[in-house]
Amino acid sequence: MEKRAKIKVGIIGVGNCAKTLVEGVQYYVQNPEDKVGLMYEDIGGYTINDIEFVIGFDVDPRKVNQPISVAVRAFPNCAMDHVDQIDGTCIAEGAKVYCAPVMDGVAPHMLDYPEEVSFRICSDSVKSADEIEKLLKSAKVDVLINYLPVGSELATRFWIDIAIKAGIHFVNCIPTIIATEETRVVEQRFIDAGLTIVGSDMRSAWGASRLSEVLQGAMLDSGLMITQHIQTNMASGSTQGHEHIRTGRTANTDFLNMAREDRLANKHISKENVLKGQNIVRNEPIEGMTFFAGPSLTVQQKPGGKNLGSDNKIANFDIVAYGWGGARYELTARMSVQDSPNSSGVVISAIRFCKVASEMGIVGFLRGPSAWTQKTPPLQLKTGDAKFECDALARRELTKLTSPQLKDKKPLAKDLPYTFQGAKSDYEK
């Protein structure tokens with residue numbers, strides 16, 4: 001196959017997820033025999049060797065004006081190291097991190113935590129929207145990843161505006177733009193610009209959302225009725241490689257950011273969409289059932305000692321179901337994972353899906369990849385159906401779902417399939 005140009009990637013929010021993505025790409029390039037952790041080795045001719053990180057944006061003075069290779073290992077990042085040293089394997093020469101507008105990207109309470117585990121705000125001059133657009137165009141960015149903290153509603157809209165003006169595909173990894181009415185408006189803008197988007201709210205390769213979806217779907221397909229599915233998360237334990245350090249642990253910045261309820265509104269909705277989504281696509285009722293994704297438990301160390309962040313996440317599941325002749329089933333599970341590396345396995349696929357789909361002439365939300373990699377896609381799908389769509393796109397084959405989204409057909413978002421998702425939790429009146 002003819003050699004393709006590298007996919008040039010920009011990152012908004014150079015935190016733990018960015019760290020593991022950059023380091024992970026370098027790891028796989030330098031260890032080509034290791035395929036473990038890669039959902040797709042090849043997507044439309046693009047492998048992990050074809051990814052190049054060219055620019056980053058952040059607000060923390062420890063990262064701003066630093067090379068990407070330095071910024072991803074700056075505090076408060078605490079995710080595991082995948083390589084001994086970060087080199088230029090997958091980072092463009094001279095690629096650095098620029099100062100971005102704060103807007104609602106930093107919750108006020110984050111400044112109350114020790115600086116080793118939390119954000120600080122840069123005093124450097126902030127780049128304007130026009131300046132950022134010029135930087136992105138100069139770096140020839142193909143795909144822009146939104147890794148902003150949960151609750152960054154205004155900031156996400158700011159970056160979507162810039163991406164559309166700059167002609168850049170977008171991967172929205174946080175729970176913004178999740179209500180159907182707003183999603184349709186955003187999708188039409190991407191369609192009109194001839195761009196692709198994957199979103200919203202990334203799920204991990206094998207995390208709480210994936211496990212919830214698979215368990216629920218398998219039980220429903222077995223003829224069971226699920227009356228309770230409760231999922232709770234907490235940050236606890238050690239980052240891999242830090243187990244030998246004898247001190248307590250504080251949750252990573254993702255959990256610290258969500259320690260206040262005002263940052264969690266859309267996160268609650270998005271996680272509930274995962275729990276009820278498999279019922280919805282099978283036309284199974286949800287009224288009166290207990291489908292609840294509880295708040296994340298944010299743990300902190302006592303003052304006075306050495307502060308150390310933890311990227312380990314523990315998810316607990318409690319499911320009650322009924323089957324043959326009213327027989328009762330109960331399932332309780334506990335899963336412990338490294339949180340940030342778990343996300344990189346889906347984002348590395350989403351980046352390539354955006355690029356391949358655009359080369360095929362597809363525009364708007366990529367429904368298969370969004371259902372496979374995100375908690376609140378525009379269209380909820382059964383796990384197998386989402387994988388089918390991704391497999392077809394990886395082979396550069398159109399499906400009944402993607403054919404209507406060809407740019408030449410001038411698609412309208414209002415005519416494309418959606419699973420209705422509201423702007424508030426089902427528990428809100």
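Here are some notes on this predicted model, set out point by point for reading beside the structure.

1. A good place to start is the seven-stranded sheet. The strands follow the order β3-β2-β1-β4-β5-β6-β13 in an open sheet, and the pairing is parallel. The edge positions go to β3 (97-99) and β13 (364-365); each has a single partner strand, so one side of each has no neighbour in the sheet.

2. Moving to the middle of that order, β1 and β4 are joined in the parallel sense by four bridges, with I11 standing opposite I145 in β4. On to β5: β4 and β5 also pair in the parallel sense, over four bridges, and here V143 stands opposite H169 in β5. If you look at the side chains of β4, V143 and I145 point one way while L144 and N146 point the other way, and all are buried.

3. The next pair along is β5 (residues 169-172) with β6 (residues 196-199), parallel and held over three bridges. One register to check on screen is N172, whose bridge partner in β6 is G199. G199 deserves a second look, as the peptide bond from G199 to S200 is cis, with omega near 0°. S200 itself sits in the loop between β6 and α6 (208-221).

4. Helix α4 (residues 153-166) covers several strands of this sheet. The helix lies across β1 (7-12), β2 (51-58), β4 (143-146) and β5, and runs at about 160° to β5.

5. The second sheet has another make-up. Four strands form an open sheet in the order β9-β7-β11-β12, with mixed pairing. Its edges are β9 (290-293) and β12, each with a single partner strand, so one side of each is left without a neighbour in the sheet. Ignoring direction, neighbouring strands here are turned by 10° against each other on average.

6. Where does the mixed pairing come from? Four bridges join β7 to β9, and these two run parallel; I230 stands opposite F292 in β9. By contrast, β7 (residues 225-235) and β11 run antiparallel, joined by ten bridges, and M234 has I314 as its bridge partner in β11. β11 and β12 (residues 328-338) are antiparallel too, with eleven bridges between them; A315 stands opposite M335 in β12.

7. β11 (residues 312-322) is worth a closer look on its own. Eight of its eleven residues are buried, so the strand is largely enclosed by the rest of the structure. The hairpin of β11 and β12 has five residues between the strands, and within this hairpin G325 takes a positive phi near 60°.

8. Two helices contact this second sheet. Helix α8 (residues 265-280) packs on the sheet and touches β7 and β9, its direction making about 145° with that of β9. Helix α9 lies across β11 and β12, running at about 95° to β12.

9. Helix α9 also meets another helix. The axes of α9 (residues 339-359) and α11 (residues 383-394) come within 10 Å and cross at roughly 60°, and the two are therefore oblique to each other. The crossing is left-handed. On the α9 side the contact involves F353, V356 and A357, which meet C390, L393 and A394 in α11. Sorted by class, that contact has six nonpolar residues, no polar ones and no charged ones.

10. A few backbone details would be good to inspect by eye. Besides the bond after G199, the peptide bond from F75 to P76 is cis, with omega near 10°; P76 is found in the loop between α2 (68-71) and β3. N283 has a positive phi of about 60° although it is not a glycine. N283 lies in the loop between α8 and β9 and is exposed, with a relative accessible area of 73%.

11. Last comes K410, in the segment after α11. K410 is another non-glycine residue with a positive phi, here near 50°. This lysine is exposed, its relative accessible area being 68%. From C-alpha to C-alpha, K410 and D339 are 40 Å apart in space, and 71 residues separate them in sequence.

Methods: Residues numbered from 1 in each chain as written. Predicted model: local features only at pLDDT ≥ 70, side-chain atom pairs only at ≥ 80, totals over all residues. Heavy atoms only, no water. Axes fitted to C-alpha atoms, helices over the stretch in contact; angles between N-to-C directions. Parallel < 35°, antiparallel > 145°, perpendicular 65-115°, else oblique. Left-handed = near helix turned anticlockwise from the far one by under 90°. Contact = heavy atoms within 4.5 Å. Nonpolar A, V, L, I, M, F, W, Y, C, P; charged D, E, K, R; others polar. Pairing = 2+ DSSP bridges. Buried < 20%, exposed > 50% of the residue type's maximum accessible area, 1.4 Å probe, protein only.
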